[in-house]
Amino acid sequence: MTETAPSPATDRARVTTAVTQALGDVLERDLTGVSPDTELFGELGLDSTGVLDLLLRLEDLTGCEFDTDELEMSHFATVASLADFVLAETGS
């Protein structure tokens with residue numbers, strides 16, 4: 001029996017869910033209604049001190065260790081931009 005690789009859409013959905021879950025943990029609230037275009041700083045109230053905690057939680061959820069030299073503020077613009085960064089770092 002051969003296993004098929006997960007589709008890119010499945011990977012994106014999994015990572016987007018992980019990003020939303022990590023954000024909810026860091027912000028200590030339920031994030032219902034969050035979309036890929038939701039702004040992390042403007043709409044959700046993420047601040048610079050929460051970024052490191054967010055990355056640590058994402059590392060736990062995804063099993064990926066992020067290279068902090070690769071981080072840019074643009075990665076934290078929206079849920080989608082952060083999911084894109086995580087997908088690139090995990091090689092998905």
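Helices (H or I, at least four residues) and strands (E, at least two) are DSSP runs here, numbered from the N terminus. This is a predicted model, in which local features need pLDDT of at least 70, side-chain atom pairs count only at pLDDT 80 or more, and totals for chains, interfaces and linings use all residues. Residues are numbered from 1 along each chain as its sequence is written, and side-chain values use heavy atoms, with hydrogens and water left out.

**Stop 1: the whole chain**

Start with a cartoon view. The chain holds three helices and zero strands. Read from the N terminus, the order is α-α-α. Along its principal axes, the C-alpha trace spans about 45 × 30 × 20 Å.

Next, the radius of gyration, taken over C-alpha atoms; the globule rule is 2.2 Å times the number of residues to the power 0.38. For 92 residues a compact globule would come out near 12 Å, and the chain has 13 Å, which agrees.

Now colour by burial. Buried means under 20% relative accessible area, exposed over 50%, and partly exposed in between (1.4 Å probe, protein chains only). Of the 92 residues, 36% are buried.

Switch on contacts, meaning heavy atoms within 4.5 Å. Among contacts with a separation of 6 or more, 58% join residues 24 or more positions apart.

Show the surface. Areas come from the Shrake-Rupley method with a 1.4 Å probe, and for residues only the protein chains shown count as cover. The chain exposes about 5,700 Å², with 49% of that from carbon and sulfur atoms.

Then colour the charges. Lys and Arg count as positive, Asp and Glu as negative; His and the chain ends are not counted. Each charge is placed at NZ of Lys, CZ of Arg, CG of Asp or CD of Glu. The chain carries 4 positive and 19 negative side chains, and the centres of the two sets lie 6 Å apart.

**Stop 2: the core**

A nonpolar core is a set of buried Ala, Val, Leu, Ile, Met, Phe, Trp, Tyr and Cys residues joined through side-chain atoms within 4.5 Å. The largest one has 24 residues. Select Val-19, Leu-23, Leu-40, Leu-46, Leu-54, Leu-58 and Leu-82: these have the most contacts inside it. Helix 1 (8–27), helix 2 (48–62) and helix 3 each supply at least two residues of this core. Helix 1 gives the most, with seven residues.

Zoom in on Leu-40. Setting aside residues up to four places away in sequence, Leu-40 touches Leu-23, Gly-45, Leu-46, Phe-76, Ala-77, Thr-78, Val-79 and Leu-82.

**Stop 3: along helix 1**

Select Ala-18, in helix 1. Ala-18 is buried, because its relative accessible area is 10%. Beyond four places in sequence, Ala-18 touches Leu-58, Leu-61 and Thr-62.

Move to Gln-21, also a residue of helix 1. Gln-21 counts as partly exposed, since its relative accessibility is 41%. Measure back to Thr-10: eleven residues along the sequence, 16 Å from C-alpha to C-alpha.

**Stop 4: the loop after helix 1**

Pick Glu-28, in the loop between helix 1 and helix 2. Check its backbone: phi is near 55°, a positive value in a residue other than glycine. Most residues other than glycine have a negative phi. Glu-28 counts as exposed because its relative accessibility is 72%.

**Stop 5: helix 2**

Select Glu-59, which lies in helix 2. Draw a line from Glu-59 to Ala-22: the two are 37 residues apart along the chain, and their C-alpha atoms are separated by 9.6 Å. A second line, from Ala-18 to Glu-59, covers 41 residues of chain and 9.7 Å between C-alpha atoms. Not counting residues up to four places away, Glu-59 touches Cys-64, Glu-65 and Phe-66.

**Stop 6: helix 3**

Finish at Glu-89, in helix 3 (residues 79–90). Glu-89 counts as partly exposed, because its relative accessibility is 26%. Which residues does Glu-89 contact, leaving aside neighbours within four places in sequence? They are Cys-64, Phe-66, Asp-67 and Glu-70. Last distance: the C-alpha atoms of Glu-89 and Ala-18 are separated by 14 Å, with their positions 71 residues apart along the chain.
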